[in-house]
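Here are a few exercises on how helices and domains pack against each other. Have a look at the model first, then work through the solutions step by step.

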Amino acid sequence: PSSRSDKEKRSGDRIYKEACDVIAGGVSRNTVFRRPHPYYAASASGCYVTDIEGVSRIDFANNMASLIHGHAHPEINKAVTEQLQRGTAYTMATTPEIAFAQLLNKRIPSFEKIRFVNSGTEAVMTLIKAARAYTGREKIAKAEGAYHGSYDYAEVSQTSNPSNWGDPDQPNSVPVANATPQSVLDNVVVYPYNDLERTLAILDNHAGDIACVLVDPVPHRVGLFPGTQKFIAGLYDWTRENGALLAFDEVVTLRVNYGGAQADYPDKPDLTATGKIIGGGFPVGAVAGRSDVMRVLDPRESRLLFPHSGTFSANPVTMTAGYAAMSLFDEKAVERINDLAGMAVGQINEAVSVADVPVSVTGAGSMFRIHLKESSPESYREAYQPAEETALIKELLDYLYMQEQIMMINTCTCMLSTAITEDEIVRLSEAMLNGFRHIKP
Ligand code: PMP
């Protein structure tokens, strides 16, 4: 393995130099940036990705959780190839978008009407604008540390850390980028995830001004643990009492159950933003929810409240791929990968005991995240990784990638695809045991 990684380093260095000449920072998304250079993929099939040196690795990242069936699934490829022959985009509506809307709206009870867009970021942005248009209010509430894409309102507090997060009773609206307008910060109310008492007190301070409470039911960057029944019910009740909308970000979590993570809660969101797996491997997003709220997007309304468009919205290639992918992701498939994730978590916890390391695992459905913390974090502030911990996570991930041919999301998170089998889970847990021993001081 050492000669292979040396060789890869050489060619990776060379390619990265070329990339830096033409692309800002050499990458088109910071999530694939790493030092000394990004990894470069050549091809992929099922749950294996092959790099430019010909080394294959088990893929537990699946393009940031978006490939629910892994790579190059034959049925999705067939459907897409047929659509390609008919053209890729028209200045017309298409029937594949209607078929796909029927499929999703039937599957998820809170989806009465839907609109397709091109990314999760755009879905969250469209949701927030729809909530504002419907309520006539400017503010939104979001969880401290939660990632909702790169719309400036949704980005607030995404990088909250001990130097800027402030009083837990009133977390700061921390800007992510330089020169984020003060008006954006003033219009985003930040609440502590799963802390209902504090959250309600914070929301009450802005009652009457909040258009929607945005909540991810299993927020990855907060710590990848589910919203408690009490917390989600409390947010639901507060929004009913205060004329606000309950908005779920299910860009990642739609995979958790057949009906999305929202199927775990009795109260349904008014609006949901989703994306990732519904694109069948192509860029996608969608906002869906109550018919009366979604009317703000309806061009037949006499007073158009929110003129929504997008050159590639509901692109027929994406709609065709998404239809095939979500049809294949039936109840049995969901149950199967959730069971595999349960098996993986069980085996990793055993490896933690054997290696005797302070590690905990959180997650839901087919997703789990490894924390270098003795007990499972239950809040963003508990899950927060100081720099030393981030460095150790990187060392673990590099070891898994180079020595064990395993690839994960850079928070040490796995998002399974249906291409995974028990064999790969066993490989993962053996590799984790070696990895824990490798990083153990
Ligand atoms: N919301 C959540 C919860 C996400 O994890 C992401 C992407 N990781 C987004 C929104 C944004 O989606 P996209 O990257 O497709 O813009």
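**Exercise 1: helix 14 against helix 15**

The axes of helix 14 (residues 387–404) and helix 15 cross at roughly 130° and come within 9 Å. Work out how helix 14 and helix 15 are oriented to each other, and list the residues that make the contact.

Before the solution, some housekeeping. This is a predicted model, where local features need pLDDT of at least 70 and side-chain atom pairs count only at pLDDT 80 or more, while totals for chains, interfaces and linings use all residues. Residues are numbered from 1 along each chain as its sequence is written.

*Step 1.* Get the conventions straight. Helices (H or I, at least four residues) and strands (E, at least two) are DSSP runs, numbered from the N terminus. Axes are lines fitted to C-alpha atoms, for helices over the stretch in contact, with angles from 0 to 180 degrees between N-to-C directions.

*Step 2.* Classify the angle. Under 35 degrees counts as roughly parallel, over 145 as roughly antiparallel, 65 to 115 as roughly perpendicular, and the rest as oblique. Helix 14 and helix 15 are therefore oblique to each other.

*Step 3.* Add the handedness: helix 14 passes helix 15 in a right-handed crossing. (Right-handed means the near helix is turned clockwise from the far one by less than a right angle; anticlockwise would be left-handed.)

*Step 4.* Collect the contact residues, meaning pairs whose C-beta atoms, placed from the backbone, lie within 7 Å. Helix 14 brings L392, E395, L396, Y399, L400 and E404, and helix 15 brings A431, N434, G435, H438 and I439.

*Step 5.* Sort them by class: 6 nonpolar, 3 polar and 2 charged. (Ala, Val, Leu, Ile, Met, Phe, Trp, Tyr, Cys and Pro count as nonpolar, Asp, Glu, Lys and Arg as charged, and the others, Gly among them, as polar.)

**Exercise 2: helix 12 against helix 15**

Now do the pair of helix 12 and helix 15 (residues 422–439), which pack with their axes 9 Å apart at an angle of about 25°.

*Step 1.* The angle makes helix 12 and helix 15 roughly parallel to each other.

*Step 2.* Helix 12 crosses helix 15 in the right-handed sense.

*Step 3.* On helix 12 the contact includes L340, M343 and I348, and on helix 15 its residues include I425, L428 and F436.

*Step 4.* By class, this contact has 13 nonpolar, 2 polar and 2 charged residues.

**Exercise 3: the two domains**

How many residues does each domain put into the contact between domain 1 and domain 2?

*Step 1.* Set the bounds, which come from an automatic or database domain assignment. Domain 1 covers 39–68 + 331–439 and domain 2 covers 74–328.

*Step 2.* Over C-alpha atoms, the centres of domain 1 and domain 2 are 26 Å apart.

*Step 3.* Count the contact: domain 1 gives 24 residues and domain 2 gives 27 residues.

*Step 4.* Find the elements on the domain 1 side. Helix 12 (331–355), strand 11 (360–364), strand 12 (367–371) and helix 13 (380–383) each supply at least two residues.

*Step 5.* Sort that side of domain 1 by class, and you get 11 nonpolar, 9 polar and 4 charged.

**Exercise 4: backbone oddities**

Which peptide bond is cis, and which residue that is not a glycine has a positive phi?

*Step 1.* The cis bond runs from R35 to P36, with omega near 0°. P36 sits in the loop between helix 1 (2–22) and strand 1 (41–45).

*Step 2.* The positive phi, about 50°, belongs to N62, a residue of helix 2 (residues 62–65).
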